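Walk through this structure with me, one region at a time. Keep the 3D view open and turn to each region as it comes up.

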Amino acid sequence: MVISAFEAGREALRWVTGAAVPADGGATWPETRAAGALASDELYRGTAGVLIALAEARLSGITGFDDHAQAAAGRLRSLIAAWDATDFGLYSGLGGYAVALGAWASVSGDGPAADAARGAVRSIAEAAEGGQPFSTFRDLLSGDAGILLVLLGMGDAAVRPAAAVIGDRLIAQAEWPDGEPDWYANENISYYLPNFSHGAAGIAYSLAAASGPLERPDFLDIALSAGRRLVRLGSRADGTLAVPHSVPQQASAAPVSYGWCHGPSGTVRLFDLLDRLRPGDGWADHAGAGRRAVRESGLPARLYPGFWDNLGQCCGTAGVGEMALDRYQETGDPQWLAWAGTLAADVLGTCIADAAGVRWSHTEHTVSPPELEPAVGWMQGAAGIASWLLRLTRLQRDGPSAGRVWWPDRPFASLSWPGEMPWPGDISELPR
């Protein structure tokens with residue numbers, strides 16, 4: 001069956017919304033639709049990620065899922081109102097609830113969602129100023145670095161003291177191998193995961209983003225030093241740049257990955273941000289070398305068992321495709337839109353489509369059968385893949401100026417203090 005990217009995105013969200021489970025405040029979502037799958041509300045795999053996907057659908061002109069979006073927003077509002085947990089993370093906890101509600105409010109004008117997002121940010125700031133440790137993690141995915149980005153992107157000037165507390169804590173937790181900073185993802189991990197999700201790239205990104213709003217040039221100095229470490233670790237003889245997955249290399253992992261989490265698709269975000277803050281210092285060249293590494297890696301072809309077996313936002317094709325679309329919107333260079341289309345064609349060729357909708361199965365070559373249960377959520381599932389496909393079709397239709405849903409960990413969102421959140425309002429009012 002031939003299916004367009006737009007149709008696949010819409011039908012995938014029909015499959016995703018069909019997985020909704022009634023819960024306090026509205027609805028929650030399971031990680032998969034298999035019997036007994038556990039429900040989650042986080043951005044990575046649960047309700048918050050589904051709400052982001054439904055915001056993408058609304059921005060693409062699809063209103064048929066609005067009732068499900070309201071159910072997801074109601075669930076997150078109820079969790080914020082009763083908040084008594086300790087996970088404030090961007091992709092794992094309260095920070096992600098705030099981002100998802102803000103995204104939905106920005107495209108729908110949902111005032112209660114915007115108010116709840118603001119309330120969540122205030123709760124995060126109060127906890128930080130009170131000295132409450134958020135978790136044992138320092139990273140962007142679930143730790144201090146991601147939480148700092150939520151405060152930067154969604155709070156007003158009143159949260160600056162809280163943001164400074166988090167930034168100072170990150171600097172205090174840095175290790176200095178070879179005289180340059182890196183971070184263990186948490187205190188129980190004794191090796192570095194230096195790329196965007198768990199290590200130096202993501203943490204340095206947060207510090208660089210905070211340096212201007214907080215008037216802390218020392219934050220930028222640390223970020224620049226971390227960037228130089230990544231360049232040293234990742235520069236290759238062919239002129240490309242791909243930082244190792246782990247240092248020292250872990251036996252269970254490929255030496256180099258290419259996705260958002262552990263590869264250049266995410267790490268170039270740091271180089272792009274450093275280039276904006278220190279233009280002319282070579283960071284644009286390093287970002288270009290990272291993007292070339294991805295383009296020349298051979299993906300999305302499955303070159304051997306274990307290479308490129310994932311299609312999602314975190315580790316796979318959708319995350320790489322987001323990098324391509326970001327570059328197209330930043331530069332207007334049509335080659336990036338064309339390459340995103342090539343990636344989409346590969347994803348469309350592997351979809352599972354039936355009366356229930358569209359979804360995708362990742363492959364795990366070490367198990368039999370290798371096809372994994374299709375996931376529902378943002379980072380590994382149909383919600384995130386659908387969102388990327390819908391964004392692609394929006395850009396193909398409207399060009400590089402097409403609207404986009406705001407994210408705190410993309411460079412265009414991280415250069416100035418946005419002041420009070422503009423939600424509810426038009427997407428064009430969001431910080432760029």
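Begin with helix α2, residues 47-59, in what is a predicted model. The helix has 13 residues, and at 1.5 Å a residue these should span 18 Å. The C-alpha atoms at its ends are 18 Å apart, so expectation and model agree.

How many residues of α2 are buried? The count is 12 of the 13, so the helix is largely enclosed by the rest of the structure. The buried set runs T47, A48, G49, V50, L51, I52, A53, L54, A55, E56, A57 and L59. An α-helix has 3.6 residues a turn, so residues three or four places apart point the same way. The partners of the buried residues include both strands and helices. The strands are β2 (26-30) and β3 (39-40). The helices are α1 (5-17), α3 (66-81), α4 (94-108) and α14 (382-398). Just after α2 comes G61, with a positive phi of about 90°.

Next, the nonpolar interior. In soluble globular proteins, nonpolar side chains tend to be buried together. Here the largest nonpolar core has 144 residues. Y91 and W360 have the most contacts inside that core. Take W360 and set aside its neighbours within four places in sequence. W360 is then in contact with A8, A12, L311, V347, T350, C351, P374, A375, A382, I385 and L389.

Now look for empty space. Rolling a probe the size of a water molecule over the atoms shows where such space is left. A search of the whole structure finds four cavities of 30 Å³ or more. The largest has a volume of about 100 Å³. Its lining is made of Y91, W260, R269, Q313, G319, E322, W378, M379, W407, D409 and R410. By class, that lining has five nonpolar, two polar and four charged residues. Y91 thus appears in this lining, and Y91 is also one of the two residues with the most contacts inside the largest nonpolar core.

The second largest cavity has a volume of about 70 Å³. S265, V268, R269, D272, R291, M323, D326, R327, E330 and P411 line it. Two elements, α10 (264-277) and α12 (317-331), each give two or more residues to this lining. Its classes are three nonpolar, one polar and six charged.

R269 is listed in the lining of the largest cavity and in that of the second largest cavity. Where is R269 found? R269 sits in helix α10. Its relative accessible area is 6%, under the 20% cut-off, so R269 is buried. Leaving aside neighbours within four places in sequence, R269 is in contact with F196, Y205, W260, D326, D409, R410 and P411. Of these, W260, D409 and R410 also line the largest cavity, while D326 and P411 line the second largest.

Turn from cavities to the largest pocket. About 660 Å³ of space lies in it. The pocket is lined by 23 residues, and the closest to its centre are S257, G306, D309, N310 and C315. By class, the lining has 11 nonpolar, 10 polar and two charged residues.

The backbone deserves its own pass. Most residues other than glycine have a negative phi, and most peptide bonds are trans. W308 is not a glycine, yet its phi is positive, near 55°. W308 lies in the loop between α11 and α12. With a relative accessible area of 7%, W308 is buried. E215 also has a positive phi, about 55°, and is not a glycine. Its place is the loop between α8 (200-211) and α9. Is E215 buried or exposed? At 66% relative accessible area, E215 is exposed.

Two cis peptide bonds follow. One runs from V247 to P248, with omega near -5°. P248 is in the loop between α9 (217-234) and α10. Another runs from L299 to P300, with omega near 15°. P300 lies in the loop between α11 (283-295) and α12.

Finish at T136, in the loop between α5 (111-129) and α6 (144-154). Its relative accessibility is 35%, so T136 counts as partly exposed. T136 and L152 are 16 residues apart in sequence and 21 Å apart in space, C-alpha to C-alpha. Beyond its neighbours within four places in sequence, T136 is in contact with A185, N186 and E187.

Technical notes
Residues numbered from 1 in each chain as written. Predicted model: local features only at pLDDT ≥ 70, side-chain atom pairs only at ≥ 80, totals over all residues. Heavy atoms only, no water. Helix = DSSP H or I, 4+ residues; strand = E, 2+ residues; numbered from the N terminus. Expected span 1.5 Å × (residues − 1). Buried < 20%, exposed > 50% of the residue type's maximum accessible area, 1.4 Å probe, protein only. Contact = heavy atoms within 4.5 Å. 1 Å grid on protein atoms, 1.4 Å probe; cavity = no way out; pocket = protein on both sides within 12 Å on 5 of 7 lines; lining within 4 Å. Points joined across faces, edges and corners; volume = space filled by probe spheres on them. Nonpolar A, V, L, I, M, F, W, Y, C, P; charged D, E, K, R; others polar. Core = buried A, V, L, I, M, F, W, Y, C linked by side-chain atoms within 4.5 Å.
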